[in-house]
Amino acid sequence: MRIFDPHIHMTSRTTDDYQAMYASGVRALVEPSFWLGQPRTSPESFFDYFDALLGWEPFRAAQYGIAHHCTLALNPKEANDPRCTPVLDALPRYLVKDGVVAVGEIGYDSMTPAEDTALAAQLQLAADHGLPALVHTPHRDKLAGLRRTIDVVRESALDPERVLLDHLNETTVKDAAESGSWLGFSIYPDTKMDEDRMVAVLKAHGTEKVLVNSAADWGKSDPLKTRKVADAMLAAGFGEDDVDRVLWRNPVAFYGLSGRLQLEVAAPEALHEGNSILRGGE
Amino acid sequence: MISNPPAPTREDLAPRLDAAAGAWLDAALAEAAAALDENEGDNVAVAPWELRFAAAGRHCGQEHADPVRTLLLQEARAGLTTLTRLYHQGTAAERRAVLLALPLRVTGPGALPLVEDALRTNDTRLVAAAVGPYAAAHLDPHSWRHAILKCLFTGVPVAAVDGLDRRAHGDAELARMLADFAAERTAAGRPVPADLYHALHLTGEES
């Protein structure tokens, strides 16, 4: 079984996770830039983070046989801090990089005017750079937030078919599907969605344009949720082709819109004797 | 005097690129050739060839990205200012290309901060690119010895270290560091890298 986790924050995960993910079938992933739990206070902190998503993290992933790509953006939560908004001006020089397969995560957190500005500006950046967009839907006031998100996408230069609406659930999947965008579901241990609810959504809506992710990060989360959904799908009577479509072909098709996916992993040269990561640094 | 590696040429690359990649490279080289001197320009707009430098991997294939990027740096006559900016704003792959081009583009020690930055990482792609002819020519003895140890620690073959035999010869301090490292590994019941004995032998200071 081959698995593509289209949304996971590996910066917050250990090498044990990479190893377990590989053993579960994960061969590719996308790491969206997002909030780090601790608010940042300057653009430079973002730049170091972006550089890590384009340097160190793909290097770590490759040592475990996993292809790593990223999405870059100013996230909605920190878009509300004027100390961080200059990140928007620097994004164009990052969006040309080989490993960047979408603009994201963008979207709404508290639905403020500053979030409106950042969302619209970054949808435009995606259109300008030939990239799709990964759009986070808010945790609070979700359905209203989703509808407002869809409206902003419709008014933007970016085709809804180049947008992935993420963190969907039973209450938002219908509106999201009608918008023509791709449909992302984050499977969490307690919150968001779980495996069995995901299977029920797949039964009701089919597998078209559906992506499933672990969204694993620094909170209580599980990087193997993608595999658990695949297993739950098979147990519920879905075939292996359905699983491959949801867990591999759909994310490849969506992020492939960037023209930048490189799914063959070139393991870094020169690794013998226990490399720098397995030893935990010097 | 730096023993420069042969610079890649358009002719070397041509047979390895498909038609689309070849056309892309020709356009990129034309833009690079038109690059302004790095002391000219408005310092605001990103030069078109620099966007090509970033995009080289996806257009020419990752396996050709190093020589394509080196060729662009040559064609654009990139100097220390440009190389430093591209390094700091680059992905790991772009940083590696800058490091590989240093012996072709920089004559004095001015680019050492880039080499030192790369040697501080644990990314073997960067470490391997940092210990080329430029480091052999300019890195001070202490930093150079630590670079050798870093290669042994991170599994970069010492064959990547340019000028190893010349610089190692007669270096008693390097020999001591290598012997201490071997002793530490042995005490831990861990294997000693074969490369370590090779480097130690080159010092001629085995005791």
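Which residues in H2(B) are buried? The first legend gives the answer; every view is taken from a predicted model.

**Figure 1. Helix H2 of chain B and its buried residues.**
Helix H2 of chain B runs over residues 19-33. With 15 residues at 1.5 Å a residue, a span of 21 Å is expected, and the end C-alpha atoms are 21 Å apart, so the two values agree. The buried residues are B:Ala21, B:Gly22, B:Trp24, B:Leu25, B:Ala28, B:Leu29 and B:Ala32. Viewed down the axis of H2(B), these buried residues fall within an arc of 160°, which means that they line one face of the helix. An α-helix has 3.6 residues a turn, so residues three or four places apart point the same way. The buried residues of H2(B) pack against three helices of chain B: H1 (10-13), H3 (48-60) and H4 (65-75). B:Ala19 and B:Ala20, on the other side of H2(B), are exposed. At the start of H2(B), the backbone nitrogen of B:Ala20 has a side-chain oxygen of B:Asp18 within 3.2 Å.

**Figure 2. An edge-to-face aromatic pair, A:Phe4 and A:Trp248.**
Over all chains, the structure holds 13 aromatic pairs. In the pair shown here, the ring centres of A:Phe4 and A:Trp248 are 5.9 Å apart and the planes make an angle of 70°. A:Phe4 belongs to strand E1 (residues 3-5) of chain A and A:Trp248 to helix H10 (residues 240-255) of chain A, so the pair ties together parts that are 244 residues apart in sequence. A:Phe4 counts as buried because its relative accessibility is 0%. A:Trp248 is also buried, at 10%. Both residues belong to one aromatic cluster, together with A:Trp182, A:Phe254 and A:Tyr255.

**Figure 3. A stacked aromatic pair within one helix, A:Trp56 and A:Phe59.**
The two ring centres are 5.4 Å apart, with 25° between the planes. A:Trp56 and A:Phe59 both lie in helix H3 (residues 56-63) of chain A. Their positions are three residues apart, about one turn of the helix. Are these two residues buried or partly exposed? A:Trp56 is partly exposed, with 32% relative accessibility, whereas A:Phe59 is buried, with 1%.

**Figure 4. Arginine side chains over tyrosine rings in chain A.**
A:Arg27 lies over the face of A:Tyr22, 3.6 Å from the ring centre. In a second example, the charged end of A:Arg40 sits over the ring of A:Tyr49, at 4.8 Å from its centre.

**Figure 5. Backbone geometry at three sites in chain A.**
Most residues other than glycine have a negative phi, and most peptide bonds are trans. The bond between A:Gly104 and A:Glu105 is a cis peptide bond, with omega about -15°. A:Glu105 is part of strand E4 (residues 100-107) of chain A. A:Asp141 has a positive phi, near 55°. A:Asp141 is in the loop between strand E5 (133-136) and helix H6 (142-155) of chain A, and is exposed at 53% relative accessibility. A:Lys209 also has a positive phi, near 60°. A:Lys209 is in the loop between helix H8 (195-205) and strand E8 (210-213) of chain A. A:Lys209 counts as buried because its relative accessible area, 18%, is under 20%.

**Figure 6. The surroundings of A:Asn213 in strand E8 of chain A.**
A:Asn213 is buried, with a relative accessible area of 1%. A polar atom of its side chain lies 3.2 Å from the backbone nitrogen of A:Ala215. Not counting residues up to four places away in sequence, A:Asn213 touches A:Asp5, A:Pro6, A:His7, A:Asp166, A:Phe185, A:Ser186, A:Ile187 and A:Thr226.

**Figure 7. The contacts of B:Arg105 in helix H6 of chain B.**
Helix H6 of chain B covers residues 92-105. B:Arg105 is partly exposed, at 23% relative accessibility. Leaving aside neighbours within four places in sequence, B:Arg105 is in contact with B:Leu73, B:Gln74, B:Arg77, B:Ala78 and B:Leu83. Its side chain makes a polar contact of 2.8 Å with the side chain of B:Gln74. A polar atom of the B:Arg105 side chain also lies 2.9 Å from the backbone oxygen of B:Ala78. The C-alpha atoms of B:Arg105 and B:Leu86 are separated by 13 Å, and the two residues are 19 residues apart along the chain.

Definitions and conventions:
Residues numbered from 1 in each chain as written. Chains lettered and ligands numbered in written order. Predicted model: local features only at pLDDT ≥ 70, side-chain atom pairs only at ≥ 80, totals over all residues. Heavy atoms only, no water. Phe/Tyr/Trp six-rings, centres within 6.5 Å; stacked < 30°, edge-to-face > 60°. Helix = DSSP H or I, 4+ residues; strand = E, 2+ residues; numbered from the N terminus. Buried < 20%, exposed > 50% of the residue type's maximum accessible area, 1.4 Å probe, protein only. Lys NZ or Arg CZ within 6 Å of the ring centre and 35° of its normal. Expected span 1.5 Å × (residues − 1). Arc of directions from axis to C-beta. Contact = heavy atoms within 4.5 Å. Polar contact = N/O pair within 3.5 Å; in protein donor to acceptor, adjacent residues only side chain to side chain.
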